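Morning, everyone. Please pull up the structure on your screens, and I'll walk you through a few spots.

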Amino acid sequence: MPTSRVLAIVTVFSMIPGGILSDIKGSRGLETQHLAQKSTYPQRRLKRSWIWTQPFVPEEDPSLGVIGQIKSDSDRGDLSIKYILTGEGAGNIFEIDEYSGEIRKLKKLDREEKAFYVLQAQAINRNTNEPEEPQSEFIVKVQDINDNVPQFQNEPYVSSIPEMSPAGTTVAQVTATDADDPMFGNNAKLIYSILQGEPYFSVEPKTGIVVTSWPDLDRETRDEYLVVIQVQDMLGLSGGYSSSTTLTVILTDVNDNGPTFQRQLYTFNVPENAAIGSTVGRIIADDGDIGINARMTYSLEDDLEESSTFIIKTDPVTQEGQLLLAKPLDYESKRRYKMAVEAINDHVDTRFLPLEEFKDSTAIKIVVRDVDEPPAFVSPVYEWKVPENAAVGTVVGSISARDTDTHNSPIRYSIDKRSDATKSFRIDANNGTIAIVKALDRETSSWHNFTIEAKEETQNHLSSSVAVFIKVLDINDNVPRLARDYQPYICEGTQAGELIQLLSAVDVDNPEEGHHFYFSMVPEKHINPNFTIRDNQDNTAGIVTRRSTFTLKDRALYFLPVVVADSGTPTLSSTSTLTISVCRCQPAGHCPTAGVERLLLSLDPGLQTVLGILVCLVTISAEMN
């Protein structure tokens, strides 16, 4: 180009005095980088050809119109230069007069929405359609005004600290942000203060850290505080914006209180017939703490005898001391109990209290109330033994019961008829002696069990009962007998000394030393030439032959009396006569016809012949099989 052409950008400001800046050094680095990278001329030429001033447009300014002008020094006013504007917001936010180069703002701007706009300007020769200068960028910066209220983040705030914390303990930190430009004036510079919560709490003005300013806050006096914190922009100067938030401060419990009884004496009444384990009463020691710090254990002190009659346990839910009965009560023996109770914290913290202040004691008085009780038997059960030959009228034993109440009513005794099936005994209604009214037989009933009732002769007629067990003792009043109906036989050809039958005996008596039976033959003038009894000394005996050559031809039946004696006092015995049959036995010694032959011998001759033939047929059939 023959002459140097200069495109000057002239910006008009209505709100900034002296509104033209000498260069763009005050703009952000990004803006400087845009100017350096987009210029197609060397830096030296750019500085010589372009004179840049950075336009500033106040945000939220409702006025519209010219904010600046671009003009080429080759512009002669003949409208031969055409000015073109492109880039961010060109056409809808900013427009340029293509003839004069004036730049107009078309709408109100918001810096928080967009802080600056990068635009490109060109000057084109209308005749040649060639650029007078290459395209270059410039920045329109939206100037901040204080139009945003600071906002707290993450609200509402809730924090907890232990009670009794020292002054200066950090409670929480509140944080606010301001959308205004932190680099421009004091619009976004915040400061914190307390609106509500003093003198207990304070806030650090710059950081928003809330601390305690009152030492030893007591949860038992007040367990929660609502702190209102204000944040202001423009460092709290007038004309700025502010907002507030709440911080709920909860005091957590520490063990700074011991248990305290509100009464020095607790009195309870309990009936003397109260069941073991029943609750006599409840006591409680107040503790201003909560949770684990309020847990306590109760214990009984003083007289061991009295305190052993009762026990005390801590109710884990209510923290009450539950007084329980551990032993039976008797109004007539002891009517009052007095003991001391101590309550002590389970978890102590000597940072807040000395050890002795974590416990307290009180006294308990228990009054036993008289109850009309039924008669009490001297023994819980009665058991006697009586021989079965005891005579009717014999006294077996005596029952004794008494009225333990102070008025000591007379007692009458009776046998519960529902429990006495045999009706073998009676009881004297006045003195409780029990006697036999029916003969006893151990072999019929060895035990007699029944119930005795004792009833007071008062208006209430209270009664109680006791069990009686009477064992009938055995005496030797039954003779021994053979265990069964023996039917011994002897085979023809049996030799002397052979065992033909083993005998045993039974006795319904039951001697304590057990049975011992003796077997013998009935004494005769002459010794039995055929058989003898051999006592085995084990409660058995055997019938043994004395001779040989027993035959049916000579004799079919023999009769042998057997004596069985016991070892009782007195000795009892019985005699049984056994019938011994002679038999033609099979080779194995079995006598299948012994019973038939014995029957034939007892019949008349005619029937004997008929039955004899039948016996022969049966014998032949058996031998063939």
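Let's start with a sheet. It is open and has four strands, in the order β37-β39-β42-β41, with antiparallel pairing. The edges are β37, residues 481-482, and β41, residues 531-535, and each of these pairs on one side only. Bear in mind that this is a predicted model.

Stay with β37. Its partner β39 covers residues 499-506, and the two pair in the antiparallel sense over two bridges. Look for L482: A505 of β39 stands opposite.

Next, β16, residues 209-212. Which of its side chains are buried, and which are not? V210 and T212 point to one face and are buried. I209 and V211 point to the other face and are not buried. That fits the general rule: in a regular strand, side chains alternate between the two faces of the sheet.

What does β16 pair with? Strand β12, residues 170-173, runs antiparallel to β16 and is joined to it by three bridges. There, Q173 stands opposite I209. Strand β15, residues 201-203, also pairs with β16 in the antiparallel sense, over three bridges. In that pairing, F201 has T212 as its bridge partner. So T212 gives us two things to note: its side chain is buried, and T212 is bridged to F201. β15 and β16 form a hairpin with five residues between the strands. Within that hairpin, G208 takes a positive phi near 80°.

Now a buried charge. Go to E137, in strand β9, residues 131-143. Is E137 buried or exposed? Its relative accessibility is 6%, and the cut-off for buried is under 20%, so E137 counts as buried. L119 is 18 residues away from E137 in sequence, yet the two C-alphas are 5.5 Å apart in space.

On to salt bridges. How many does the structure hold? There are 15. Here are some of them.

Take K108 and E60. Their side chains meet at 3.7 Å, N to O. K108 is in the loop between β7 and β8, and E60 is in the loop between β3 and β4, so this pair ties together parts that are 48 residues apart in sequence. K108 is partly exposed at 48% relative accessibility. E60 is partly exposed too, at 27%.

Next, E457 and R412. This salt bridge is also 3.7 Å, N to O. E457 sits in the loop between β35 and β36, while R412 is in strand β32, so the pair ties together parts that are 45 residues apart in sequence. E457 is partly exposed, with a relative accessible area of 41%. R412 is partly exposed at 38%.

Then E443 and R442. Their side chains meet at 3.2 Å, N to O. E443 is partly exposed, at 26% relative accessible area. R442 is buried, at 14%.

There is also a network. R219, E220 and D253 are joined into one by salt bridges that share partners.

Last stop, the surface. Which residues form the positive patch? They are R335, R336, K338 and K365. R335 is found in the loop between β25, residues 321-325, and β26, residues 336-345. R335 is partly exposed, with a relative accessible area of 38%.

That's the tour. Over to you for questions.

Note on methods. Residues are numbered from 1 along each chain as its sequence is written. This is a predicted model: local features need pLDDT of at least 70, side-chain atom pairs count only at pLDDT 80 or more; totals for chains, interfaces and linings use all residues. Side-chain values use heavy atoms; hydrogens and water are left out. Two strands pair if DSSP finds at least two bridges between them. Patches are made of residues with over 30% relative accessible area and no salt bridge: like charges are joined within 9 Å, nonpolar side chains (Val, Leu, Ile, Met, Phe, Trp, Tyr) within 5 Å. Accessible areas come from the Shrake-Rupley method with a 1.4 Å probe; for residues, only the protein chains shown count as cover. A salt bridge is a side-chain nitrogen of Lys or Arg within 4 Å of a carboxyl oxygen of Asp or Glu. Lys and Arg count as positive and Asp and Glu as negative; His and the chain ends are not counted. The place of a charge is taken as NZ of Lys, CZ of Arg, CG of Asp or CD of Glu. Buried means under 20% relative accessible area, exposed over 50%, partly exposed in between (1.4 Å probe, protein chains only).
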